[in-house]
Amino acid sequence: MKTRRHAKILELISQYNIDTQEELLRLLRQGGFDVTQATVSRDIKELRLVKTLSEDGKYKYSIGTDNTKDFSSKFYSLLVDSTVSINYACNLVVIKCLSGMAQAVCASMDSMHWNGVVGTLAGEDTIFVACKSEAEAENMVAELKKMIG
């Protein structure tokens with residue numbers, strides 16, 4: 001449950017400019033998570049979220065820029081816990097996830113700044129990763145499959 005909640009938080013902060021714990025709490029509850037203010041506060045600390053300045057001049061929660069090592073372990077956890085299958089066709093990598101987890105995995109993957117990745121797109125349970133070449137897609141699949149065992 002905690003992993004799914006953390007994934008949802010990462011998804012929400014990537015989609016919305018959330019500037020208060022109350023707003024995050026409200027969005028989590030709307031998403032079906034029965035959480036308290038104390039739980040949200042702990043989650044923010046565990047995820048090491050920071051407030052950064054958004055484009056409109058207001059502050060919002062984000063993963064920050066100096067959490068690469070911490071975020072890579074979060075990506076690994078999300079990937080291992082959520083991935084159903086990984087494959088590729090030409091230069092596209094297709095990652096099938098548990099329902100509702102693709103956007104969180106994709107958001108954490110994007111923060112990793114993978115070499116050879118042109119862009120990503122996530123739905124409810126599927127992620128498409130556009131690579132620069134078929135060889136890079138094949139390498140990414142091999143690397144991701146090693147991670148999930």
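**Helices across a four-stranded sheet**

Helix 5 (residues 102–110) lies across strand 4, strand 5 and strand 6. Its direction is at about 160° to strand 5. The model is a predicted one. Helix 6 (residues 134–148) also lies on strands: it crosses strand 3, strand 4, strand 5 and strand 6. Helix 6 runs at about 160° to strand 3. By the angle cut-off, over 145 degrees counts as roughly antiparallel.

Now take the sheet itself. It is open, has 4 strands, and its order is 3-4-6-5. The pairing is antiparallel. Strand 3 (83–89) and strand 5 (117–122) are the edge strands, each pairing on one side only. From one strand to the next, the twist averages 15°. In general, strands of a sheet pair through backbone hydrogen bonds, either parallel or antiparallel.

Look next at the pair formed by strand 4 (residues 92–97) and strand 6 (residues 126–131). These two strands run antiparallel and are joined by 5 bridges. Here I95 stands opposite I127 in strand 6.

I95 deserves a stop. This residue lies in strand 4. Is I95 buried or exposed? Its relative accessibility is 0%, so I95 counts as buried; the cut-off for buried is under 20%. What does I95 touch, leaving out residues up to four places away in sequence? The contacts are T83, S85, I86, M109, D125, T126, I127, V129 and L144. M109 falls within the residue range of helix 5, 102–110. L144 falls within that of helix 6, 134–148.

From I95, move to I44. The two are 51 residues apart in sequence, and their C-alpha atoms are 27 Å apart in space. I44 belongs to helix 3, where I44 takes part in a contact with helix 2.

That contact joins helix 2 (residues 21–30) to helix 3 (residues 37–47). Their axes come within 10 Å and cross at roughly 105°. The two helices are therefore roughly perpendicular to each other, since angles of 65 to 115 degrees count as such. On the helix 2 side, the contact uses Q21, E22, L24, L25 and L28. On the helix 3 side, it uses Q37, V40, S41 and I44. These residues divide into 5 nonpolar, 3 polar and 1 charged.

Finish with helix 1 (residues 2–15). How far should its 14 residues span? At 1.5 Å a residue, the expected span is 20 Å, and the end C-alpha atoms are 20 Å apart, which agrees. Its buried residues include R5, H6, A7, K8, I9, L10, E11, L12 and I13.

Conventions
Residues numbered from 1 in each chain as written. Predicted model: local features only at pLDDT ≥ 70, side-chain atom pairs only at ≥ 80, totals over all residues. Heavy atoms only, no water. Expected span 1.5 Å × (residues − 1). Buried < 20%, exposed > 50% of the residue type's maximum accessible area, 1.4 Å probe, protein only. Pairing = 2+ DSSP bridges. Axes fitted to C-alpha atoms, helices over the stretch in contact; angles between N-to-C directions. Contact = heavy atoms within 4.5 Å. Parallel < 35°, antiparallel > 145°, perpendicular 65-115°, else oblique. Nonpolar A, V, L, I, M, F, W, Y, C, P; charged D, E, K, R; others polar.
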